[in-house]
Amino acid sequence: MIWMRLVGWILRALREGPTPGQLAAGLALGMALGLIDGWPIQNWLLLLLILILSVNITMALAGAILGSLLGLLLDPLADLLGGWLLQDISALHWLWTALYNIPPWALTRFNNTVVLGSTVLALVLMPIVFVAGAWAVRSYRERVLTRLKGMRWVQAIMGSRFYGWFLKVQDMGLI
């Protein structure tokens, strides 16, 4: 039942929500939040950004779910990437040792190959998700919604008494 409510919130945000940039930023930050394993300090900072910035919380939740599912697929790649950065590049050994000895930096858990790799993947994917998300929202609003609003059966439903009653009940929070 919560999934249906989440889908309704997403459709409402896409239809009448904030700007495409705010929706896409929520999606990108949520995706990064879900992609990074565990709860290191970077996840708490992402959560703080989601709450402070003017992004859509519903899209951030959807992005976190998407990022968690994507994380299941990308964990082997994140492990390889983190292992390569931590172990195989000997020129960086001094950097990781120095950073780990700084007390707040240890909270990032970058000594874990999966956490480091998934953080790097999240940083790489965030701009891509933001640009693709903003484009998708604009396209949805320009193409899909305008076509739907022009269809006679949609106009008949939106003009019915039942639809008016449904909107009132929905505004009261009963649905």
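# Buried, partly exposed, core and pocket in a predicted model

Author: In this predicted model, L6 is found in helix α1.

Reader: Why is L6 called buried?

Author: L6 has a relative accessibility of 8%. Buried means under 20%, so L6 counts as buried.

Reader: What does L6 touch, not counting residues up to four places away in sequence?

Author: L6 touches T58, L61 and I65. L6 and M59 are 53 residues apart in sequence, and their C-alpha atoms are 9.4 Å apart in space.

Reader: Where does W39 lie, and why is W39 called partly exposed?

Author: W39 lies in the loop between α2 and α3. Its relative accessibility is 47%. Partly exposed covers what falls between under 20% and over 50%, so W39 counts as partly exposed.

Reader: Which residues does W39 touch, leaving out those up to four places away in sequence?

Author: They are L33, W44 and R109. As for P76, 37 residues from W39 along the chain, the two C-alpha atoms are separated by 19 Å.

Reader: R109 is one of those contacts of W39. Is R109 buried or partly exposed, and how do you know?

Author: R109 has a relative accessible area of 32%. Buried would need a value under 20% and exposed one over 50%, so R109 is partly exposed. R109 is found in the loop between α6 (103–106) and α7.

Reader: What is the phi of R109?

Author: Phi of R109 is near 55°, a positive value in a residue other than glycine. Most residues other than glycine have a negative phi.

Reader: What makes a set of residues a nonpolar core, and which members of the largest one touch the most other members?

Author: The residues must be buried, of nonpolar types such as Leu and Ile, and joined through side-chain atoms within 4.5 Å. The largest nonpolar core has 26 residues, of which I10, L23, L35, L46 and I50 touch the most other members. Two or more residues of this core come from each of α1 (2–16), α2 (20–35), α3 (41–52), α4 (57–88) and α7 (113–150). The largest share, 9 residues, comes from α2.

Reader: Which residues are in contact with L46, leaving aside its neighbours within four places in sequence?

Author: L46 is in contact with L29, A32, L33 and I36. A second, separate core has 7 residues, including L86, W96, F110 and V115.

Reader: How many residues of the lining of the second largest pocket are nonpolar, polar and charged?

Author: The lining divides into 11 nonpolar, 2 polar and no charged residues. The space in this second largest pocket is about 160 Å³. Its lining has 13 residues, and the closest to the pocket centre are Q42, F110, T119, V120 and L123. The elements that give two or more residues to the lining are α3 and α7, and the largest share, 6 residues, comes from α7.

Reader: What is the radius of gyration of the chain, set against that of a compact globule of 175 residues?

Author: The chain has 21 Å, whereas a compact globule of 175 residues would have a radius of gyration near 16 Å. Along the principal axes, the C-alpha atoms fill a box of roughly 70 × 30 × 25 Å.

Reader: How many helices and strands are there?

Author: The secondary structure comes to 9 helices and 0 strands. Among the contacts with a separation of 6 or more, 76% are between residues 24 or more positions apart. Of the 175 residues, 35% count as buried.

Key:
Residues are numbered from 1 along each chain as its sequence is written. This is a predicted model: local features need pLDDT of at least 70, side-chain atom pairs count only at pLDDT 80 or more; totals for chains, interfaces and linings use all residues. Side-chain values use heavy atoms; hydrogens and water are left out. Buried means under 20% relative accessible area, exposed over 50%, partly exposed in between (1.4 Å probe, protein chains only). Helices (H or I, at least four residues) and strands (E, at least two) are DSSP runs, numbered from the N terminus. Contact means heavy atoms within 4.5 Å. On a 1 Å grid over the protein atoms alone, a cavity is a set of points where a 1.4 Å probe fits but cannot get out, and a pocket is an open set with protein on both sides within 12 Å along at least five of seven lines; lining residues have an atom within 4 Å of a point. Grid points are joined across faces, edges and corners, and a volume is the space filled by probe spheres set on the points. Ala, Val, Leu, Ile, Met, Phe, Trp, Tyr, Cys and Pro count as nonpolar, Asp, Glu, Lys and Arg as charged, and the others, Gly among them, as polar. The radius of gyration is taken over C-alpha atoms; the globule rule is 2.2 Å times the number of residues to the power 0.38.
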